[in-house]
Structure formats: C-alpha cells, structure tokens
Amino acid sequence: MDDLGEAASEESQRCLSLVAARATQTSIVDVLEAIRRIERGTYGICEMTGEPIEAERLRAIPWTRYSLHGQKELEKAGFGRKHALPGLESAREMVLADGEEGGAEEEADKSEAS
C-alpha cells in the first residue's frame, strides 16, 4: 500500500512541477515580448484599442499588452487569458504529450467511455 501512495504522491508532484514550468515559460515569453515592444517603440500602447495603457496597470503588470478597457473587451469576447492553474487533467495530458504511454487504467476508462 505504501508503494501505491508513494507513486500517487510522485505523480502528483510531477504534475505540479509541469504546471509550474509552464507558468514560468509563459511569464518569460510575456517579458520577452514586452522587451520587443520597447525596442519597437510600442510599449505601453494597448494592442486592442491603440490607446496608452494606464500607468498603474503597467506598474502592476509591466508586460501587459492591453489597457484595462481592452482587456475587458477581450474577456467579454471570450479571448481573455485565464490566470487560474489548469486542472490536473490538463497536466496529465501534458505528461502524455511528452511521450509517456497511458496506463492500462486509462485504456479501460477510454473503453468504458465509448
């Protein structure tokens, strides 16, 4: 029973590590894109409205691409970025996408779903 608990704990830790790595990668990309906007002279200009981004917003989120109004418009249209952590199912899919084979239990779940 200890082996099963330890395996579950390791799997859980691995999924959390993947989620954290993905969040870090996304943050790095956002910052690099902000640097490119600085180089192009478009930093601080909302990509949605073309208006200047509020100074308070830039202080809070220096890599933001949108003003508060632009962000709200995107979210209304269903295109806003979700800042919540993905569910464990998403993390598991990331693991499987990295080349691991699904276990027999997953195969049984798929068979039952059909």
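**Figure 1. R37 is a buried residue, with a relative accessible area of 3%.** The view is taken from a predicted model. R37 belongs to helix α1. Leaving aside residues up to four places away in sequence, R37 touches T42, Y43, E47, W63, T64 and R65. One of these neighbours, E47, forms a salt bridge with R37. Figure 4 returns to that pair.

**Figure 2. The whole chain is built from five helices and has zero strands.** Followed along the sequence, the pattern of the chain reads α-α-α-α-α. The chain has 114 residues, and 18% of these count as buried. Its accessible surface comes to about 8700 Å². Carbon and sulfur atoms account for 56% of that surface. Which share of the contacts between residues at least 6 apart in sequence joins residues at least 24 apart? The share is 37%.

**Figure 3. Helix α1 covers residues 2–40.** The helix has 39 residues, and the distance from its first C-alpha to its last is 57 Å. That reach is close to the 57 Å expected at 1.5 Å a residue. Which residues of α1 are buried? They are C15, V19, D30, A34 and R37. C15 has a relative accessible area of 6%, and the value for R37 is 3%. Two other residues of the helix are partly exposed: S27 has a relative accessible area of 40%, and I28 has one of 47%. Just after the helix comes G41, where phi is positive at about 80°.

**Figure 4. E47 forms a salt bridge with R37.** The closest N and O atoms of the two residues are 3.9 Å apart. The pair links distant parts of the chain, with E47 in the loop between α1 and α2 (55–60) and R37 in helix α1, ten residues apart. How buried or exposed are the two partners? E47 counts as partly exposed, at 42% relative accessibility, whereas R37 is buried. As general background, side chains of opposite charge can pair when their charged atoms come close.

**Figure 5. E47 also forms a salt bridge with R65.** Here the closest N and O atoms are 2.9 Å apart. E47 lies in the loop between α1 and α2 and R65 in the loop between α2 and α3 (68–76), so this pair ties together parts that are 18 residues apart in sequence. R65 counts as partly exposed, at 29% relative accessibility.

**Figure 6. E73 and K76 form a salt bridge in helix α3.** A search of the whole structure finds three salt bridges, and this view shows one of them. The closest N and O atoms of E73 and K76 are 3.5 Å apart. The two residues are separated by about one helical turn because they stand three residues apart in helix α3. E73 is partly exposed, with a relative accessible area of 29%. K76 counts as exposed, at 66% relative accessibility. Elsewhere, salt bridges that share partners join R37, E47 and R65 into one network.

**Figure 7. I28, V31, L32, I35 and W63 make a nonpolar surface patch.** The area of the patch is about 410 Å². I28, one of its members, is in helix α1. I28 counts as partly exposed because its relative accessible area of 47% falls between the 20% limit for buried residues and the 50% limit for exposed ones. W63, another member of the patch, is also among the residues that R37 touches.

**Figure 8. S27 and W63 are 36 residues apart in sequence and 8.8 Å apart in space.** The distance in space runs from C-alpha to C-alpha. S27 is found in helix α1. With a relative accessible area of 40%, S27 is partly exposed.

**Figure 9. C15 and C46 are two buried cysteines.** The relative accessible area is 6% for C15 and 3% for C46. C15 is one of the buried residues of α1. How many disulfides does the structure contain? The count comes to zero.

Methods
Residues numbered from 1 in each chain as written. Predicted model: local features only at pLDDT ≥ 70, side-chain atom pairs only at ≥ 80, totals over all residues. Heavy atoms only, no water. Helix = DSSP H or I, 4+ residues; strand = E, 2+ residues; numbered from the N terminus. Expected span 1.5 Å × (residues − 1). Buried < 20%, exposed > 50% of the residue type's maximum accessible area, 1.4 Å probe, protein only. Salt bridge = Lys/Arg side-chain N within 4 Å of Asp/Glu carboxyl O. Disulfide = S-S within 2.5 Å. Patch = residues over 30% accessible without salt bridge, like charges linked within 9 Å, V, L, I, M, F, W, Y side chains within 5 Å. Areas by Shrake-Rupley, 256 points an atom, 1.4 Å probe, with all protein chains shown as cover. Contact = heavy atoms within 4.5 Å.
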